[in-house]
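The following exercises are to be worked through with the sequence and the three-dimensional structure at hand. Each task is followed by a solution in steps.

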Amino acid sequence: MAEYEACILGIKMAVNMNIKELLVIVDSDILINQVQWEWSTKNVKILTYLYYVKELFKRFMKIEFKHVPKIWNEFADALATLSSMIQHLDNNYIDPIEVEIRGQYAYNFHVEDPYGKPWYHDIRRFVKIREYPENATNSQKRALRRLANHSFHNREVMFQRTQDLGLLRCVDADEATKLLEEIHTGMCGALMTGFTLAKKILRAGYFWMTVESDSIRNTQKCHQC
């Protein structure tokens, strides 16, 4: 129903602007086929939206719908999610939003810190010399000890212990990026879901803290998955 809410809001804005010809671009196949009566629905709530959209059609000389894959519509989805999370007391003015486009994938900022050290730097240091980071709080020290209990250090290579006492090699941002791309694009099988991709990476013997969320994000960017 969120797709219908957004669609109706956009069409009503066009009506208020006295637009007579409109192209509606959405990433929902279901919505497009329903409003064009190619697919039927028995959902009473959806029918209410559907009939209202059809009534709005009468306000235009020409209205068309075009489908775009979700991967091409991520920015609109992000703005819609952001708007649903923020409540403004002043309806006449909304603070401008500054958007910055990063030069690398978001998971790189999770795997690496701003100083170029791998995410496991503090864990490796604690395992080697039992030393905490400077200004670490008590809760951070407890978390570090807990992580160190499941880690194994061999020279400069860090390993993560699994429940069956196996070892997964910890990788940095560059290697994580390569693994995501290589395994996802078919070196280890066909295209897959995010959870399947994460499992394949772990089975291959690699680990980083955000492997699951990064795998899901990576597959969401693929329009074939």
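A residue is called buried if its relative accessible area is under 20%, and exposed if that area is over 50%. The model examined here is a predicted one.

**Exercise 1.** Determine whether F65 and F57 count as buried or exposed, and describe the pair that they form.

*Solution.* Step 1: the relative accessibility of F65 is 13%. The cut-off for a buried residue is under 20%, so F65 counts as buried.
Step 2: F57 has a relative accessible area of 15% and is therefore buried.
Step 3: the two residues form an aromatic pair, with 5.6 Å from centre to centre and 50° between the planes; this pair is tilted.

**Exercise 2.** Check the span of helix 3 and establish where its buried residues lie around the axis.

*Solution.* Step 1: helix 3 comprises residues 44–57, which is 14 residues. At 1.5 Å a residue, a span of 20 Å is expected, and the end C-alpha atoms are 20 Å apart, so the two values agree.
Step 2: the buried residues of this helix are I46, Y49, L50, V53, L56 and F57.
Step 3: these residues cover an arc of only 120° around the axis, which means that they lie on the same side of helix 3.
Step 4: V44 and T48, on the other side of helix 3, are exposed.

**Exercise 3.** Explain which parts of the chain are tied together by the pair of W119 and F207.

*Solution.* Step 1: W119 and F207 form an edge-to-face aromatic pair, 5.9 Å from centre to centre with 70° between the planes.
Step 2: W119 is located in the loop between helix 5 and helix 6, whereas F207 belongs to strand 6; the pair therefore ties together parts that are 88 residues apart in sequence.
Step 3: W119 is buried at a relative accessible area of 16%, and F207 is likewise buried, at 14%.
Step 4: together with Y120, W119 and F207 form one aromatic cluster.

**Exercise 4.** State which elements have the lowest and the highest mean pLDDT, and how the former should be read.

*Solution.* Step 1: the mean pLDDT of the protein is 78, and 74% of its residues reach 70 or more.
Step 2: among the elements, helix 5 (residues 106–111) has the lowest mean, 44, and strand 6 (residues 206–207) the highest, 92.
Step 3: the pLDDT is below 50 over residues 104–111, a stretch that has 23 contacts in the model beyond near neighbours in sequence.
Step 4: where pLDDT is low, predicted coordinates should not be read in detail.

Key
Residues numbered from 1 in each chain as written. Predicted model: local features only at pLDDT ≥ 70, side-chain atom pairs only at ≥ 80, totals over all residues. Heavy atoms only, no water. pLDDT = per-residue confidence, 0-100. Helix = DSSP H or I, 4+ residues; strand = E, 2+ residues; numbered from the N terminus. Contact = heavy atoms within 4.5 Å. Expected span 1.5 Å × (residues − 1). Buried < 20%, exposed > 50% of the residue type's maximum accessible area, 1.4 Å probe, protein only. Arc of directions from axis to C-beta. Phe/Tyr/Trp six-rings, centres within 6.5 Å; stacked < 30°, edge-to-face > 60°.
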